[in-house]
Amino acid sequence: MTSHLPTGWTIEQIRALSHDRSATPLSLDRLVVVEGPSRSDYTTLQPEVILGFHDLCLVLHAGEWYMGQLDTDGSVACWSSYGPDLAEAIRGL
């Protein structure tokens, strides 16, 4: 399954705000988890959108943007929600 952009956003807007000319939507066909406080437990997310910024990602799940890292196997391990506002989440990169 391919990813798409968040409603109302273009890839050019995302790249301009992030100052990352290589920012790109990523395929949703990957494991995406958010790590628990102990890092030994995690919750699997069902992403609606995944945006890649080099080795960092923003993942939209249930109206919240999660920050995470793209692993070498293609999975994404998120560590925190950055809230519902994509612009604010991008500024947190």
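Begin by selecting Ser81, which is found in strand β7, residues 76–81. The model on the screen is predicted, and this tour moves outward from that one residue before turning to the whole chain.

**Stop 1: Ser81 and its surroundings**

Display Ser81 with its surface. Ser81 counts as partly exposed, because its relative accessibility is 32%, and partly exposed residues lie between the limits of 20% and 50%. Next, show the residues around Ser81. Leaving aside neighbours within four places in sequence, Ser81 is in contact with Glu64, Trp65 and Tyr66.

Which side chain does a polar contact of 2.7 Å join to that of Ser81? The partner is the side chain of Glu64. The side chain of Ser81 also reaches the backbone nitrogen of Gly83, at 3.2 Å. For a further distance, select the C-alpha atoms of Ser81 and Val59: they are separated by 9.1 Å, although these positions lie 22 residues apart along the chain when counted from one to the other.

**Stop 2: the partners of β7**

Now select the whole of β7 together with β6 (64–70). These two strands pair in the antiparallel sense over 5 bridges. Within this pairing, Tyr66 stands opposite Ser81. Follow the chain through the hairpin of β6 and β7, where 5 residues lie between the strands. In this hairpin, Gly74 takes a positive phi near 95°.

Add β2 (32–35) to the selection. In what sense do β2 and β7 pair, parallel or antiparallel? They pair in the parallel sense, over 3 bridges. Here Val33 stands opposite Ala77 in β7.

**Stop 3: the whole sheet**

Select every strand. They form an open sheet of 7 strands in the order β1-β4-β5-β6-β7-β2-β3, with mixed pairing. Which strands stand at the edges? They are β1 and β3 (42–44), and each has a single partner strand, so one side of each is left without a neighbour in the sheet.

Further along the sheet, β4 and β5 pair in the antiparallel sense over 5 bridges. One facing pair to display is Gly52 and Cys57, the latter in β5.

**Stop 4: loops of the chain**

Move to the loop between β4 and β5, where His54 is found. His54 has a positive phi of about 55° although it is not a glycine. His54 is exposed, because its relative accessible area is 63% and the limit for an exposed residue is over 50%.

Then select Ala62, in the loop between β5 and β6. Its phi is near 50°, a positive value in a residue other than glycine. Ala62 is exposed, with a relative accessible area of 59%.

Continue to Leu26, in the loop between β1 (24–25) and β2. Is Leu26 buried or exposed? Leu26 is buried, since its relative accessible area is 15% and buried means under 20%. The C-alpha atoms of Leu26 and Glu64 are separated by 17 Å, and these residues are 38 apart along the chain.

**Stop 5: the nonpolar cores**

Select Ile14, Ala23, Val49, Leu51, Phe53, Leu58, Leu60, Trp65, Met67, Leu86, Ala89 and Ile90, the 12 residues of the largest nonpolar core. At least two residues of this core come from each of β4 (49–53), β5 (56–61), β6 and α2 (86–91). Another core lies apart from it and has 11 residues, including Leu28, Val34, Cys57 and Val59.

**Stop 6: helix α2**

Select Arg91, which lies in helix α2. Arg91 counts as exposed, at 52% relative accessibility. Its C-alpha atom and that of His19 are separated by 9.8 Å, with the two residues 72 apart along the chain.

**Stop 7: the whole protein**

Finally, clear the selection and view the protein entire. The protein has 2 helices and 7 strands, and from the N terminus on its elements run α-β-β-β-β-β-β-β-α. The radius of gyration is 12 Å, close to the 12 Å that the globule rule gives for 93 residues, so the protein is as compact as a globular protein of that length. Along the principal axes, the C-alpha atoms fill a box of roughly 35 × 25 × 20 Å.

Of the 93 residues, 42% count as buried. The protein exposes about 5200 Å², and carbon and sulfur atoms supply 52% of this area.

Conventions. Residues are numbered from 1 along each chain as its sequence is written. This is a predicted model: local features need pLDDT of at least 70, side-chain atom pairs count only at pLDDT 80 or more; totals for chains, interfaces and linings use all residues. Side-chain values use heavy atoms; hydrogens and water are left out. Helices (H or I, at least four residues) and strands (E, at least two) are DSSP runs, numbered from the N terminus. Buried means under 20% relative accessible area, exposed over 50%, partly exposed in between (1.4 Å probe, protein chains only). A nonpolar core is a set of buried Ala, Val, Leu, Ile, Met, Phe, Trp, Tyr and Cys residues joined through side-chain atoms within 4.5 Å. Contact means heavy atoms within 4.5 Å. A polar contact is a pair of N or O atoms within 3.5 Å; within protein, one must be able to donate a hydrogen and the other to accept it, and residues adjacent in sequence count only if both atoms are side-chain atoms. Two strands pair if DSSP finds at least two bridges between them. The radius of gyration is taken over C-alpha atoms; the globule rule is 2.2 Å times the number of residues to the power 0.38. Accessible areas come from the Shrake-Rupley method with a 1.4 Å probe; for residues, only the protein chains shown count as cover.
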